[in-house]
Amino acid sequence: MFDSGHTNREPGALGVQGEFEKKYNDTLVDELIALLNRDESFRTYRSAEPDEEISLEERSFRANRISADLFLSIHHNSVNEEKIEYFSLEGRTAARTREDRQGYSLYISAKNPRITDSLWFATALGKRLEEIGRESYSIHSKSSPPAGQQLMNKRYGIFQYDNLAVLKAASMPALLFEVGFIVDEKDDIWLRQHRTEIAGQIVRALHDFREWKLSEKTH
Ligand SMILES: [Zn+2]
């Protein structure tokens, strides 16, 4: 199941193009579903319709009710409010960071009953992103993670973040993917230029995960 982060009422971070995070999340999930619809061996679901108002837990409960094999939550990142500078772009407000920020992060929760599988999938996705030259944020970051988060894998930017609501409420392997920083001009351009490639690498990681699960069953 794909979970596109945020709702119309709470559309998430504002980016350098004057667009909210929700739009980036929805666009990538649309692309993922379009790619997987060509592959009859996958059944895809959305945790919510794009215009639906829904709680974080309900997103995961829906995945639990249909016994989804995997829960992947898609988000795009911002920085702390004090590092944000607002400006006007073609009549609308846009936001940019004063410090360069590039790269993705992956989050898993130990309160999710399937943390081992979640970590396996996170690592598989990190490897697939590396193939297209995409690096994690943590690989170059010297700052330590915020309270409640632990860095598990620096190269693939995997953090343990136990209290993330969508991850802990899900009964299947669950991952939250912060694809990149929409408040950073450079990262925003990279994200726009590579969206289809990112979707393709997520699909490859889904295949990796499924093959690994199947090989586990036969051994
Ligand atoms: Zn978000």
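In this predicted model, Leu-72 of strand 2 stands opposite Leu-175 in strand 8, and this pair belongs to a parallel arrangement in which six bridges join strand 2 to strand 8 (residues 174–181). Strand 2 also pairs in the parallel sense with strand 1 (residues 2–4), here over three bridges, with Ile-74 serving as the bridge partner of Ser-4. In a regular strand the side chains alternate between the two faces of the sheet. In strand 2 both faces are covered, with Phe-71, Ser-73, His-75 and Asn-77 buried on one side and Leu-72, Ile-74 and His-76 buried on the other. Because seven of the seven residues of strand 2 (residues 71–77) are buried, the strand is largely enclosed by the rest of the structure.

Leu-175, the residue opposite Leu-72, is also prominent in the largest nonpolar core, where Leu-106, Ala-122 and Leu-175 touch the most other members among 50 residues. At least two residues of this core are supplied by each of helix 1, strand 2, strand 5 (105–108), helix 3, strand 7 (158–161), helix 4 (165–168), strand 8 and helix 6. When residues up to four places away in sequence are not counted, Leu-106 touches Ala-122, Leu-125, Gly-126, Tyr-156, Gly-157, Ile-158, Phe-159, Leu-175 and Phe-177.

Helix 6 (residues 195–218), one of the elements contributing to the core, comprises 24 residues and reaches 35 Å from its first C-alpha to its last, close to the 34 Å expected at 1.5 Å a residue. Its buried residues are Ile-198, Ala-199, Gln-201, Ile-202, Ala-205, Leu-206 and Phe-209, and the elements that cover them include helix 1, helix 3 (115–131) and strand 8.

Two loop residues are notable for their backbone conformation. Most residues other than glycine have a negative phi. His-6, although not a glycine, has a positive phi of about 80°, and this residue lies in the loop between strand 1 and helix 1 (21–37). Glu-90, likewise a residue other than glycine, has a positive phi near 45° and is placed in the loop between strand 3 (84–89) and strand 4 (92–97). The surroundings of these residues can be stated in terms of C-beta neighbours inside 10 Å: His-6 has 20 and therefore counts as buried, since the threshold for burial is 20 or more, whereas Glu-90 has 7 and so counts as exposed, the limit for exposure being 12 or fewer.

Technical notes
Residues numbered from 1 in each chain as written. Predicted model: local features only at pLDDT ≥ 70, side-chain atom pairs only at ≥ 80, totals over all residues. Helix = DSSP H or I, 4+ residues; strand = E, 2+ residues; numbered from the N terminus. Pairing = 2+ DSSP bridges. Expected span 1.5 Å × (residues − 1). Contact = placed C-beta atoms within 7 Å. Core = buried A, V, L, I, M, F, W, Y, C linked by C-beta atoms within 7 Å.
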